[in-house]
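User: Hi! I have just started learning to read protein structures. Could you walk me through this one?

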Amino acid sequence: MSDVRISGLHKTFGTVHVLKGIDLEIPAGEFTVLVGPSGCGKSTLLRTIAGLEEVGQGDISISGVNVNSLRPRDRNIAMVFQNYALYPYLSVFENIAFGLRARKMEDHEVRLRVNSAADMLGITGLLDRFPKQLSGGQRQRVAIGRAIVRKPQLFLFDEPLSNLDAQLRDEMRGEIKKLHQDLGITMVYVTHDQIEAMTLADRIVLMREGRIEQMGSPLNVYEQPATRFVAGFLGSPKINFISGELVDAGDRQAMRLSDGEIIPLPKRTQAWGQSIVLGIRPQHLGRSTDSKVKAGEVKLSRPIEIVQPTGSRTYVTIKIGGTQCIAETESMETGRPGETIDLSFDLQHAIFFDPTSGAAII
Ligand SMILES: Nc1ncnc2c1ncn2[C@@H]1O[C@H](COP(=O)(O)OP(=O)(O)OP(=O)(O)O)[C@@H](O)[C@H]1O
Ligand SMILES: [Mg+2]
């Protein structure tokens, strides 16, 4: 098991500044997920850890050893990519064994390792087949097998599941998590899929335009986003953002929405200008069936615009402060478009943002 320390890492391609000062510690044995929108530098960061890209400025050390000038093959890292790059003319067995053969490992040890990896991945019955005789999920397992047999000190994955259909992706996601539990190896996993990030990670590192925007446990980042960008990236359906004006309502501050609704702020904030943005996740904006108002609760009644039942939950679209919002209810009996629905949310779940900087302020 190895830890990875990255400090002051910059990377440019020609005139494009891709990584703009990354400081990151990846603890040994943890599952770290790098997540962020397309082009934010996730693959570049992963490839730089692997040694496939040179460090522009800064340092990377693995298990306390600076690897800046170490060749990829000397870093004892295994990497699994989105396209599995299997050798078409080699059997599954030989594909998995390839790296070991290249290192002139003895045949009985090769057999031992390949068989054990195949067993772990449930592909023992496929060892004599060729890649073209496999499904996408099976090919991905072979690619993972090829990485496992090397017994690396560090496992890097770059969007390994994005070529698979939704069902297979769910299944493989579970398998990768189990693999991490069984092997206990440090893993760094790149994805732009926030569900993969939330479900797999011990720690999420959310990147934006070559910088780390926030990192922490999935729950911490989800529940306490530091910025509007983070809040909007994690969660499905997406968090609702509602703009309004900061006003004084007697002894406390409040927010006035464009439709006149007044929402008290749970705490006072310094003068942040006139505008403020309320973030409330759909699952916290529920249907209200109780006419009493509890402390810290905000009640709203709105005409229903769209109803989307999913079976277990129903998404109801309404307009709050001129913005289309989604409320999530457990009930199928939400009413029809045009009818009024009573909704409520607890101020405890509301997050307020500065519209200019995007920072969470309450
Ligand atoms: N070899 C290269 N030469 C020039 N620019 C590059 C090179 N590799 C990557 N880039 C640029 O660096 C930026 C980051 O690319 P990177 O592949 O790291 O993004 P990513 O976060 O992995 O995105 P995606 O989710 O689309 O895979 C992009 O703007 C990309 O065009
Ligand atoms: Mg990428």
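Here are some questions and answers about this predicted model.

User: Let's start with the ligand. Which helix supplies the largest share of the shell around ligand 1?

Analyst: Good place to begin! The shell includes Gly39, Cys40, Gly41, Lys42, Ser43 and Thr44, along with others such as Phe13 and His192. Strand 2 (16–26) and helix 1 (42–50) each give at least two residues to this shell. The largest share, three residues, comes from helix 1.

User: How many residues of the shell around ligand 1 are charged?

Analyst: Let's sort the shell by class. Four of its residues are nonpolar and seven are polar. Lys and Arg count as charged, and Gly counts as polar. Lys42 is in the shell, and the number of charged residues there is one.

User: Now the helices. Are helix 2 and helix 3 roughly parallel or oblique to each other?

Analyst: Two packed helices are described by the angle between their axes and the distance between the axes. Helix 2 (residues 92–102) and helix 3 (residues 107–121) have axes 10 Å apart, at an angle of about 130°. An angle over 145 degrees would count as roughly antiparallel, and 65 to 115 as roughly perpendicular. The angle of about 130° fits neither of those ranges, so the two helices are oblique.

User: How many charged residues are in the contact of helix 2 with helix 3?

Analyst: The crossing of these helices is right-handed. Helix 2 brings Phe93, Ile96, Ala97, Leu100 and Arg101, while helix 3 brings Val110, Arg113, Val114, Ala117 and Ala118. Eight residues of this contact are nonpolar and no residues are polar, and the number of charged ones is two.

User: Which residues of helix 4 meet helix 3?

Analyst: The axes of helix 3 and helix 4 (residues 136–148) come within 9 Å and cross at roughly 135°. Their crossing is right-handed. On the helix 3 side, the contact is made by Ala117, Ala118 and Leu121, and on the helix 4 side by Arg141, Ile144, Gly145 and Ile148.

User: On to the sheets! Why is one side of strand 13 and of strand 21 left without a neighbour in the sheet?

Analyst: Picture five strands in an open sheet, in the order 13-12-11-14-21, with antiparallel pairing. Strand 13 (262–264) and strand 21 (351–353) are at the two edges, so each has a single partner strand. On average, neighbouring strands here are turned against each other by 40°. The reason for the free sides is therefore the place of both strands at the edges.

User: Which residue in strand 14 stands opposite Gly244?

Analyst: Gly244 lies in strand 11 (residues 240–249), which runs antiparallel to strand 14 (residues 275–280). Six bridges join the two strands. Across from Gly244 in strand 14 you will find Ile276.

User: What is the order of the strands in the open sheet of three strands?

Analyst: Pairs of strands give us the order. Strand 17 and strand 18 pair in the antiparallel sense over four bridges, and seven bridges join strand 18 (residues 314–320) to strand 19 (residues 323–329). Strand 17 (306–309) and strand 19 stand at the edges. The order is 17-18-19.

User: Which residue takes a positive phi in the hairpin of strand 18 and strand 19?

Analyst: These strands run antiparallel, and Lys319 stands opposite Gln324 in strand 19. The hairpin has two residues between the strands. The residue with a positive phi, near 55°, is Gly321.

How values were computed: Residues numbered from 1 in each chain as written. Chains lettered and ligands numbered in written order. Predicted model: local features only at pLDDT ≥ 70, side-chain atom pairs only at ≥ 80, totals over all residues. Pairing = 2+ DSSP bridges. Axes fitted to C-alpha atoms, helices over the stretch in contact; angles between N-to-C directions. Near = placed C-beta within 6 Å. Parallel < 35°, antiparallel > 145°, perpendicular 65-115°, else oblique. Left-handed = near helix turned anticlockwise from the far one by under 90°. Contact = placed C-beta atoms within 7 Å.
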